[in-house]
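Here are some short exercises to work through with the model open beside you. Try each task before reading its solution.

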Amino acid sequence: MKHLTLLLAIALTFLPGSLHASVDDAHSFAMEAATPFVSEGFIVREDYWNGEVKSGQKLMVKHQLFKGNEYAFWLGTANEDCKLEIEVLDEKGNKIHITPKIGIGPTFTSVRVNPPKTGTYSVVFSVTSKTEKGVFWALAYGYR
Amino acid sequence: MPSLSLLRLPGLLSLVSLFAVSLHGQGTTEGVVEVTSAKNFPGYVVDDVVVPVPSEIFSVLDKLGEPNWRQELRGVDTADTTDRTRLSLIFGSVVAEGFVAVQAQDKKAVEDIGREVIDLSKSLGIHKSVLPHAQSILDAADRSDWPAIRKEFDLTQKTVRDTMEKMKDNDLAQCVSVGGWLRGTAAVTSVVTKNFSADRAELLQQPMLVNHFVGSIEKMSGSIRKHELVKAVAEGLKSIQAIMEKSGEGFTSEGVGSIGKTCKGLLDQIDGKTNE
């Protein structure tokens with residue numbers, strides 16, 4: 001029991017940091033996806049969504065887009081050997097995104113959107129790992 | 001608080017991991033987000049809403065014409081107060097004013113706003129986290145580096161909200177967001193009213209954001225929800241909500257004017273320029 005308590009104490013001391021790094025890593029990879037877009041004039045927002053989720057679980061973010069801007073969404077994960085999927089849907093469920101040739105990598109992916117009108121859109125995404133039950137993710141966006 | 005139901009890990013690791021997850025959950029953008037089931041969607045909806053910065057709308061207005069952004073500057077002559085709810089609303093509006101100043105490329109205004117950001121953060125007791133951003137704003141203003149200033153205003157707002165959430169002041173963090181949205185929307189309505197077109201007016205089609213703010217205020221603790229200013233903001237937002245609902249096929253210039261008047265009236269109250 002004493003050993004278990006000690007193990008727990010050690011784990012609590014060190015593990016939070018490493019897991020925190022994993023969430024931050026997911027955002028770092030999303031920012032890696034954003035890098036080529038920045039050189040195309042995209043402004044990266046500092047706010048983003050992130051978290052931890054069951055591998056393969058679909059998540060949806062509702063977001064306000066403005067007609068006249070072009071948007072890019074960047075999805076990153078801290079886990080290796082993952083399949084990343086992302087799409088942007090209008091209010092009727094029609095896909096409105098374009099998959100770019102840039103910002104795609106083993107731990108990140110990107111989509112571009114030219115919203116046909118100003119309003120609320122759904123960003124649907126998933127991260128599926130071949131080895132892990134849970135995955136860390138981050139979703140960021142930019143506009144120009 | 002974060003929902004941990006999505007991921008379950010076995011044994012001791014589970015205990016440790018869940019503890020770790022709750023440690024890095026810091027509200028809107030850090031850690032695990034709240035999720036709820038959604039109709040017609042085989043997954044989960046992330047409850048967090050990322051509110052667009054005013055620059056996102058300003059950039060479209062720039063593409064549709066050449067607004068005189070200097071004319072839209074309101075200045076930062078704010079009330080001398082220790083009321084944290086009012087200070088939070090003011091903080092949001094001052095940062096949004098910063099985005100207007102960037103659009104106007106007005107160095108003096110940016111410097112004034114940078115200094116006001118420092119003063120407000122001191123009054124709110126969060127200056128340690130805000131000071132580096134405010135200093136970066138002043139440094140970038142010195143170089144007239146407008147993209148860097150815009151980035152720092154975005155970072156400042158995020159840092160303030162994150163810091164407030166760490167201090168369990170989530171309601172005040174929402175006040176920062178609402179204050180920013182009111183100031184940004186006031187500027188947009190002013191530009192649109194001066195040169196009305198359907199394309200420009202369509203930028204005000206933001207019912208999700210207004211619903212989000214109304215819902216956030218309804219969830220606030222009693223003391224903040226019953227604050228005179230927050231009550232006024234809630235009423236104002238509901239009137240804006242009604243105009244947006246009526247304007248599905250497009251805004252009239254009167255509708256835009258009415259939204260602008262509501263935002264301006266609320267900002268005057270927040271700044272202490274009118275009786276509440």
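This is a predicted model, in which local features need pLDDT of at least 70, side-chain atom pairs count only at pLDDT 80 or more, and totals for chains, interfaces and linings use all residues. Residues are numbered from 1 along each chain as its sequence is written, while chains are lettered from A and ligands numbered from 1 in the order in which they are written.

**Exercise 1.** Check the length of helix 5 of chain B against the expected span.

Step 1: helices are DSSP runs of H or I with at least four residues, and strands are runs of E with at least two, numbered from the N terminus. Helix 5 of chain B covers residues 107-124, which is 18 residues.
Step 2: the expected span is 1.5 Å times one less than the number of residues, so helix 5 should span 26 Å.
Step 3: its end C-alpha atoms are 26 Å apart, in agreement.
Step 4: after the helix comes B:Gly125, with a positive phi near 75 degrees.

**Exercise 2.** Find the loop residue B:Gln105 and decide how exposed it is.

Step 1: look in the loop between helix 4 and helix 5 of chain B.
Step 2: B:Gln105 is not a glycine, yet its phi is positive, near 50 degrees. Most residues other than glycine have a negative phi.
Step 3: a residue is buried with 20 or more other C-beta atoms (placed from the backbone) within 10 Å of its own, exposed with 12 or fewer, and partly exposed in between. B:Gln105 has 13 such neighbours, so it counts as partly exposed.

**Exercise 3.** Do likewise for B:Lys168.

Step 1: B:Lys168 sits in the loop between helix 7 and helix 8 (170-194) of chain B.
Step 2: its phi is positive, about 65 degrees.
Step 3: B:Lys168 counts as exposed because it has 10 C-beta neighbours inside 10 Å.
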